[in-house]
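Student: Hi! I have a new structure open and could use a guide. Can we walk through its empty spaces and its aromatic rings together?

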Amino acid sequence: MSSTSATPLLKDELDIVIPTIRNLDFLEMWRPFFQPYHLIIVQDGDPTKKIHVPEGFDYELYNRDDINKILGPKANCISFKDSACRCFGYMVSKKKYIYTIDDDCFVAKDPSGNDINALEQHIKNLLCPSTPFFFNTLYDPFRDGADFVRGYPFSLREGVPTAVSHGLWLNIPDYDAPTQLVKPLERNKRYVDTVLTIPKGTLFPMCGMNLAFDRELIGPAMYFGLMGDGQPIGRYDDMWAGWCTKVICDHLGLGVKTGLPYIYHSKASNPFTNLRKEYKGIFWQEEIIPFFQSAVIPKECTTVQDCYKELATQVKDKLAKIDPYFEKLGDAMVTWIEAWDELNPPANTEAK
């Protein structure tokens, strides 16, 4: 289906979530691709500041005052002065799918010079199965021109539902501060025409600036943690969500894809500011990642919420020794699930 098709894919089943502190003029570039969809804008920082949204977009905007009003005491689980606040948009959405993008991400061009409809590619990724249990050397077997290679077990060729589609970036790569400092001029100019399933048991660094997911399959796990104002760490919000999500997807038999689509990441953040935010995380991740690699979720946990609360307990039990922050984070993870369930009551629960 072409990007100029009369009826955009999943038009009424997908929300686009954008965290911002500034006017959203970047949407003009995305108008051909985004205008048919509903936007959820999460305004960070000063709630009295007026955010300009270009004419013609269907959107709702939430600032900190709105978050406090809707969640009450549970609002303390939503980060302030950090793009991690975007996960509030996931919580208030009523759609099956979410696409989230940063406001410094522009439309990229493919090697032929054509504009890339990132949203359309994400949707295609999500609507095709994943293959996490056995690696296909031709990458995604469900793409045009590819298939399962000789030796691939027929019993696994049906695949599993795809919960997450993780896109990439041209121009400014998503580097940590030390890498930014030693490679200040490096730009990603390589367009790799590939989508692949991340194998079961393999973690990955999830970037939240060009990301789509099936909210019904994995939404409650997409909590971007406690970051920013009043917290000892930043720039690990999407990483935390990615680690939790991947462990839960592995447990529940769901797939995670990475690769296409690309966006054009327009500007590099300040590496010295980033270093201040990341400093503790750079050390902590050397213990956090082995924790997630060895985490086991009991088979009795069959919902995302149960899995997530189990992870929260393990975080408090095993990571609090690193820093008291993880005790606080574990509590916030439980608060997040409680708030999610309040705003998204299970469909099969009868009203009392």
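Tutor: Happy to! Keep in mind that this is a predicted model. A good place to start is helix H8, which supplies 7 residues to the lining of the largest pocket, the largest share.

Student: How much space lies in the largest pocket?

Tutor: About 1300 Å³. The lining has 50 residues, and the closest to the pocket's centre are Asp 102, Asp 174, Arg 235, Ser 269 and Asn 274.

Student: Which other elements supply at least two residues of that lining?

Tutor: Besides H8 (271–294), they are strand E1 (14–20), strand E6 (162–171), helix H7 (237–252) and strand E9 (255–265).

Student: And by class, what is in the lining of the largest pocket?

Tutor: There are 19 nonpolar, 12 polar and 19 charged residues.

Student: Okay, new topic. How many cavities of 30 Å³ or more does the structure hold?

Tutor: It holds 2. The largest cavity has a volume of about 50 Å³, and the second largest about 40 Å³.

Student: Which residues line the largest cavity?

Tutor: Met 227, Ile 233, Tyr 236, Trp 240, Trp 243, Ile 288, Tyr 325, Phe 326 and Leu 329 do. Two elements give two or more residues each to this lining, H7 and helix H10 (325–343), and H10 gives the most, with 3 residues.

Student: What about the classes there?

Tutor: The lining of the largest cavity has 9 nonpolar residues, with no polar and no charged ones. In the second largest cavity, the lining divides into 3 nonpolar, 3 polar and no charged residues.

Student: Which residues are those, in the second largest cavity?

Tutor: Thr 131, Phe 135, Asn 136, Tyr 139, Leu 196 and Thr 197. Two of these residues also bring us to the rings: Phe 135 and Tyr 139 form an edge-to-face pair, because their planes stand at 85°, with the centres 6.4 Å apart.

Student: Are Phe 135 and Tyr 139 buried or partly exposed?

Tutor: Phe 135 counts as partly exposed, at 41% relative accessibility. Tyr 139 is partly exposed too, at 38%.

Student: How many aromatic pairs are there in the whole structure?

Tutor: A search finds 22. Trp 284 and Tyr 325 form a stacked one, 5.8 Å centre to centre with 20° between the planes. This pair links distant parts of the chain, since Trp 284 is in helix H8 and Tyr 325 is in helix H10, 41 residues apart.

Student: Why do Trp 284 and Tyr 325 count as buried?

Tutor: Buried means under 20% relative accessible area. Trp 284 has 8%, and Tyr 325 has 5%.

Student: Which aromatic cluster do they belong to?

Tutor: One formed by Tyr 236, Trp 240, Trp 243, Trp 284, Phe 291, Phe 292, Tyr 325 and Phe 326. Several of these names may sound familiar: Tyr 236, Trp 240, Trp 243, Tyr 325 and Phe 326 are also among the residues that line the largest cavity.

Student: Last topic. Where is Pro 161?

Tutor: Pro 161 lies in the loop between helix H4 (118–127) and E6. Pro 161 counts as partly exposed, at 46% relative accessibility.

Student: What does Pro 161 touch, leaving aside its neighbours within four places in sequence?

Tutor: Pro 161 is in contact with Leu 217, Gly 253, Leu 254 and Gly 255. Its C-alpha is also 9.0 Å from that of Val 256, although the two are 95 residues apart in sequence.

Student: What else is in that loop?

Tutor: Arg 150 has its place there. Arg 150 counts as exposed, at 84% relative accessibility, and an unreviewed UniProt entry covers Arg 150 with the annotation "glycosylation site".

Terms used
Residues numbered from 1 in each chain as written. Predicted model: local features only at pLDDT ≥ 70, side-chain atom pairs only at ≥ 80, totals over all residues. Heavy atoms only, no water. 1 Å grid on protein atoms, 1.4 Å probe; cavity = no way out; pocket = protein on both sides within 12 Å on 5 of 7 lines; lining within 4 Å. Points joined across faces, edges and corners; volume = space filled by probe spheres on them. Helix = DSSP H or I, 4+ residues; strand = E, 2+ residues; numbered from the N terminus. Nonpolar A, V, L, I, M, F, W, Y, C, P; charged D, E, K, R; others polar. Buried < 20%, exposed > 50% of the residue type's maximum accessible area, 1.4 Å probe, protein only. Contact = heavy atoms within 4.5 Å. UniProt positions renumbered as here; feature names shortened; annotations may be inferred. Phe/Tyr/Trp six-rings, centres within 6.5 Å; stacked < 30°, edge-to-face > 60°.
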